[in-house]
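Colleague: Thanks for sitting down with me! Could you walk me through the pockets in this structure?

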Amino acid sequence: MGYELGRFEGEVDEELICPICSCVLEDPQQAPQCEHAFCSACIHEWLTRQPTCPVDRSAITPNQLKPVPRILRNLLSRLTISCDNQAFGCTALIKLDLLPSHLQDCEFNPKKPMQCDKGCGLIIPKDEIKDHNCVRELRRMMSDMQQKFTDLQTESMEQKLQLVEQKREILMLKELLRSMRVSNPRIREIQSNMENEDVVRWVNGLRPARVTRWGGMISTPDAVLQAVIKRALIESGSPSHVVNELMENAHERRWPSGLSTLETRQLNRRQYENYNTKRIPGKQAVVMMACENQHMPEDLIIEPGLIMIFAHGVE
């Protein structure tokens, strides 16, 4: 996605606007023959669905994309844009090419590192402090270290000392979690509810979706398409413990009985509008979580939820 037009001072030349997202070009690339320019992210996502130029439909593949001319890059760099942190109080107006360096030093940056004062002492971005859970983060760290430990087992003998250190850190984290449980009886209750709370928080943060063409449903997505959707789920903040299960539920082989065949889908199509659907950011795909669809018949929903991918028709 490009930069929103409303962030720029003065008018922006039409040549600097992406035909896909209608925003000012970000990290632009152009087609080899027609030389139409697009945001890099926009055109790569487009080409996952159809290998043609969005403007004139000429054939194009990702490997054929090339950087835009220097003159276009110079025109973009001279645009004056407001800071990403404008909503948090920053009033700075900077040249587009200086935006990355400004963001690193911006005092209004909501990602400013802060130390947790609830007991774990971890460094947390300022805007995540309110939702920070010491137990969850320590468990994640412990899981990451255990995965590193497993990976290190396959490496050479010279890395044995690192394995010993990783074991020591895992034991320290386990001991810290154990001591937290002893000192605070509510920790056990928090842990048991933590995963459900994470899912609800994530789902509430997703934008409601409207499916306009249920006929565009892809019931048997290929591995590449599934990988794209999985990456989008992870980037949207989906809790790690449900990502793989949701992706399994993106294929008709795992859909509930009311969706498992083309015939049953045709019979139940009138009920589709009753789903509470959430948009997977930036993708023609929606997720229907069981926690938001308790009103649906049992043969049309599955725990923890199901994913439908579309060729088109999601707003």
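Modeller: Happy to! Keep in mind that this is a predicted model. Let me start with the second largest pocket: 25 residues line it, and those nearest its centre are Met1, Glu45, Arg279, Gly282 and Lys283.

Colleague: Which element gives the largest share of the lining of the second largest pocket?

Modeller: Two elements, α1 (40-49) and α7, give two or more residues each to that lining. Of the lining residues, seven come from one helix, and that largest share belongs to α1.

Colleague: What is the volume of the second largest pocket, and how do its lining residues divide by class?

Modeller: The space in this pocket comes to about 700 Å³. As for class, the lining residues divide into eleven nonpolar, seven polar and seven charged.

Colleague: Now the largest pocket, please. How many residues line it, and which lie nearest its centre?

Modeller: This pocket has a volume of about 1,100 Å³. Its lining is made up of 29 residues, and nearest the centre are Arg136, Arg140, Asp198, Pro239 and Ser240.

Colleague: Which element supplies the largest share of that lining?

Modeller: At least two lining residues come from each of α4 (134-153), α6 (186-205), α7 (223-235) and α8 (240-248). The largest share is seven residues, and the helix that supplies it is α4.

Colleague: And how many residues of each class are in the lining of the largest pocket?

Modeller: Here the classes are nonpolar, polar and charged. For the largest pocket, the counts are eight nonpolar, ten polar and eleven charged.

Key: Residues numbered from 1 in each chain as written. Predicted model: local features only at pLDDT ≥ 70, side-chain atom pairs only at ≥ 80, totals over all residues. Heavy atoms only, no water. 1 Å grid on protein atoms, 1.4 Å probe; cavity = no way out; pocket = protein on both sides within 12 Å on 5 of 7 lines; lining within 4 Å. Points joined across faces, edges and corners; volume = space filled by probe spheres on them. Helix = DSSP H or I, 4+ residues; strand = E, 2+ residues; numbered from the N terminus. Nonpolar A, V, L, I, M, F, W, Y, C, P; charged D, E, K, R; others polar.
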